[in-house]
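Me: Please take a close look at the aromatic pairs in this structure. I would like the geometry of the rings and where they sit in the fold.

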Amino acid sequence: MGALEEAHLAACGCDEEEEEGEEDLLAELGGGEAAGDAIEPAVRALLAGLGEDDRREGLCRTPKRVAKAFRDGTRGYRQKVKDIVQGALFPEVGVDKRTGSAGGTGGQVVVRDIDLYSYCESCLLPFSIQCHVGYVPSGGRVVGLSKLSRVADVFAKRFQNPQRLANEVCGALHVSIQPAGVAVAMQCWHIPLPENFKCKNSRALIRTSHSSRSGVFEGENSSFWNDFVALLKLRGIDMEMDSRSASLTWCPLRPHEVPLCNGHAKKITTNGASSAKSASIPSNMVSAVSSMLLSLGEDPLRKELLGSPQRYVQWLMRFRACNLDVKLNGFTLNSASVYERPGEDATDHRAIGSELHLPFCAQCEHHLLPFYGVVHIGYFGSGDGEGINRSHFQALVHFYGCKLQVQERMTRQIAEAVYSVSHRGAIVVVEANHICMISRGIEKIRSSTATIAVLGQFSTDSSAKASFLQNVLDTANQEV
């Protein structure tokens, strides 16, 4: 689809308080009710496949929310670059009109730190982007600065891979504003698989860097490109250009399998050969995701999207409702394994046991998007110098985290489970980043959420609570 030949649709944000207004606007512009009707039944089918009841309170509005998020996140298919740029080119004469001699039309203009998000075309999950756009004006004209970020957003609001996104932004700007050259650099972050959240710093996402350039920025020895990189470094941005470009390794769900028909996926060994063993994926759930793509104006048979519905379902199936006894791994009343805490005074009944920085990845039940972070658990010891083994706490976090959840409920549930074993007091702090805060209308890319639950003696002993929180702070930058 050409950058200058697409139909146009302006869409608004997806905040809950704006739902009615947004639906009215989308209906007026021809992109609301019909698309939502096609997506919402598909989401209900996905929830049923996960063993959930879409009529329960926390899920009854999830199909509508998911439909709105996908419509807003793919609005770039219905926008035209020329509608953004036309009328935003202004006359500005440089020194003797010589390219590169001064600011304005002569020198380079760079807009840095453009925060965006897009949807990974391999797994259909959102990823975050920090984009930097530079250009060298020509013809005695400059473009309004906000238009650079708006053009970048047009191509971000599609199913993408990072390198193609950089190429499309660069190409569209070069055609539409006809400068001497365009440079685009971007850093992208993709969430890893839940089982790969093994370190304390679980906020370390999969990161890649990509670039694209045209005109005077091209060539290994381009002084304009060197200036562009130098101007980024003034903001502390050191672009380590990633040669992997559109490599399959960008998406963690893609490297080790190839899609087959009938909802099956065949694993690939490390030498690239396919193994005979295949993992069954519910075909009705795959069909539901394919129908979502069609309703958004995409072609599920497009080469880059082949297998994407299967991968999206694979991701969701990691959060299917599971059995309590299996996932708690023995963390039940009076049966948790214990170990002796060295150096603890067995006579100190105020001794506090703790396990900090337990990683987790959960799925927001309101938007079917992941949230991830760490859990800190504190409890009063029995006074006999014994504590609960860390593996049991990790199993507990996994059980309550690896399902459709909300952070507030997860925090409370973990605290209640710990309190049922410690009897005297429990405190739980959860720190998390929510993809739904990034990839919907609110787009708060660097926000994070902290919740705390306090039970028993921690609710009355302020010094014990302060001691635990100080311990969390003191260990925040330490390696596990």
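Reply: The protein chain in this predicted model contains 14 helices and 17 strands. Of its 480 residues, 52% are buried.

The structure holds 12 aromatic pairs. A pair of aromatic rings is described by the distance of the centres and the angle of the planes. For Tyr117 and Tyr119, the ring centres are 6.1 Å apart and the planes stand at 70 degrees; an angle over 60 counts as edge-to-face, so this pair is edge-to-face. Tyr117 and Tyr119 are both buried. They belong to one aromatic cluster together with Phe70, Phe159 and Tyr312. Tyr117 also has a charged group over its ring: the charged end of Lys157 lies 4.1 Å from the ring centre.

The rings of Phe380 and Phe458 have centres 4.5 Å apart and planes at 35 degrees, so this pair is tilted. The pair links distant parts of the chain, 78 residues apart: Phe380 belongs to strand 13, while Phe458 lies in the loop between strand 17 and helix 14 (462-474). Phe380 counts as buried because its relative accessibility is 1%, and Phe458 is buried at a relative accessible area of 0%.

Strands 13 and 17 are both part of an open sheet of five strands with mixed pairing, in the order 15-12-13-16-17. Strand 17 (449-456) and strand 15 (404-405) stand at the edges, each with a single partner strand, so one side of each has no neighbour in the sheet. Helix 11 (residues 390-401) packs on this sheet and touches strand 12, strand 13 (369-380) and strand 15.

Notes. Residues numbered from 1 in each chain as written. Predicted model: local features only at pLDDT ≥ 70, side-chain atom pairs only at ≥ 80, totals over all residues. Heavy atoms only, no water. Helix = DSSP H or I, 4+ residues; strand = E, 2+ residues; numbered from the N terminus. Buried < 20%, exposed > 50% of the residue type's maximum accessible area, 1.4 Å probe, protein only. Pairing = 2+ DSSP bridges. Contact = heavy atoms within 4.5 Å. Axes fitted to C-alpha atoms, helices over the stretch in contact; angles between N-to-C directions. Phe/Tyr/Trp six-rings, centres within 6.5 Å; stacked < 30°, edge-to-face > 60°. Lys NZ or Arg CZ within 6 Å of the ring centre and 35° of its normal.
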